[in-house]
Amino acid sequence: MKVVLFCGGYGMRMRSGAADDIPKPMAMVGPRPLIWHVMRYYAHFGHTEFILCLGYGAHHIKNFFLTYEETTSNDFVLRGGRTELLSTDIADWTITFAQTGVESPIGERLRRVRHHLDGDEMFLANYADVLTDAPLPEMIDRFARRDAGASMMVVPPQSSFHCVELGEDGLVGGITAVSELPLWENGGYFVLRQEVFDHIPENGDLVADGCAQLAKRGRLVAHRHRGFWKPTDTVKERAALDTAYARGDRPWAVWERDGAGAGAGASA
């Protein structure tokens, strides 16, 4: 199944300075950028046809793959001055690099790569900057059995803030942690059918337009995931993932598990 990755945003909150033009999916976690970790996740489950929706900082993403160094994350033997890889990351990947505009909303980016889907009825999509251990095969199978136009993974609220209940007299009636509210957030992992294109107007958005319209028609389903899920919207969040990677705490790296069930994590 083809995988569409949205990787053309500015990533302003990830910048370290005015001269920093690295797009967010290229922020490093361990020896590889975020987008690599997301792609390895999909490849682990057999989905190795990628369509990259490029925009801001596209040359960084192109150069990374055009000059890809397999020896960075794979064991190898140096014999007679020649490198013999003992394993490989991307040898079986097919990657389409599509320039979809610097200012384009995500829905428009998806519209602009529709022809690269070759008419496939179902496909996957992702923001390319969120890591998870969600059971992708289960997510796909559940959606395939449903009569729906789209499925989005949803996760519990991640905010550490508290909501305050106020009366008209200004007295506080209660305080509840956002994480304890009966709410779910968009987790960024989508399984889509071609039907979604019927609801995304020119320069529209995937969620606010496409998914919202499908929801009104009872054509949107959710896959609830309570396992590992981490966004990387800020430098602090990226640094936390990098630190976790260094100490070997990387549950999103399902490809590193020996003999364990792929994509483990509580879902409902």
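This report walks through a predicted model of one protein chain, from its overall build to a few single residues.

## About the model

Because this is a predicted model, local features need pLDDT of at least 70 and side-chain atom pairs count only at pLDDT 80 or more, while totals for chains, interfaces and linings use all residues. Residues are numbered from 1 along each chain as its sequence is written, and side-chain values use heavy atoms, with hydrogens and water left out.

## The chain as a whole

Let us start with the overall build. The chain has 6 helices and 15 strands; helices (H or I, at least four residues) and strands (E, at least two) are DSSP runs, numbered from the N terminus. The C-alpha trace spans about 80 × 45 × 45 Å along its principal axes. The radius of gyration, taken over C-alpha atoms, is compared with a globule rule of 2.2 Å times the number of residues to the power 0.38. For 268 residues, a compact globule would come out near 18 Å, and the chain has 20 Å, which agrees.

Of the 268 residues, 46% are buried. Here, buried means under 20% relative accessible area, exposed means over 50%, and partly exposed lies in between (1.4 Å probe, protein chains only). The accessible surface of the chain is about 13200 Å², and carbon and sulfur atoms hold 50% of that. Accessible areas come from the Shrake-Rupley method with a 1.4 Å probe; for residues, only the protein chains shown count as cover.

Contacts (heavy atoms within 4.5 Å) tell you how the chain meets itself. Among those between residues at least 6 apart in sequence, 74% join residues at least 24 apart. As for charges, the mean positions of the 28 positive and 35 negative ones are 1 Å apart. Lys and Arg count as positive and Asp and Glu as negative, with His and the chain ends not counted; each charge is placed at NZ of Lys, CZ of Arg, CG of Asp or CD of Glu.

## An enclosed helix

Helix α1 covers residues 34-44, and 10 of its 11 residues are buried, so the helix is largely enclosed by the rest of the structure. The buried residues include W36, H37, R40, Y41 and Y42. Just after α1 comes G46, with a positive phi of about 90°.

## A covered strand and its neighbours

Strand β10 (residues 150-155) is also largely enclosed by the rest of the structure, because 6 of its 6 residues are buried. Its two faces are both covered: A150, M152 and V154 are buried on one side, and S151, M153 and V155 on the other.

Which strands pair with β10? Two strands pair if DSSP finds at least two bridges between them. One partner is β13 (residues 185-193), joined to β10 by 5 bridges in an antiparallel arrangement; here V154 has N186 as its bridge partner. Another is β14 (residues 220-224), which runs parallel to β10 and is also joined by 5 bridges. In that pairing, S151 is matched with V221.

## A hairpin

Strands β5 (residues 76-79) and β6 (residues 82-85) pair in the antiparallel sense over 4 bridges. F76 has L85 in β6 as its bridge partner. In this hairpin, 2 residues sit between the strands, and G80 takes a positive phi near 60°.

## Two exposed residues

L166 lies in strand β11 (residues 162-166). With a relative accessible area of 61%, L166 is exposed. L166 touches L171 and V172, leaving aside residues up to four places away in sequence. M152 of the covered strand is 14 residues from L166 along the chain, yet their C-alpha atoms are separated by 33 Å.

G218 belongs to the loop between α5 (206-216) and β14. Its relative accessibility is 58%, so G218 counts as exposed. From C-alpha to C-alpha, G218 and H60 are 40 Å apart in space, and 158 residues apart in sequence.

## Two positive phi values outside glycine

Most residues other than glycine have a negative phi. A128, though not a glycine, has a positive phi near 70°. A128 sits in the loop between β8 (122-126) and β9 (130-132), and at 0% relative accessibility A128 counts as buried.

N203 is another residue other than glycine with a positive phi, near 60°. The loop between β13 and α5 holds N203. Is N203 buried, partly exposed or exposed? With 47% relative accessibility, N203 counts as partly exposed.
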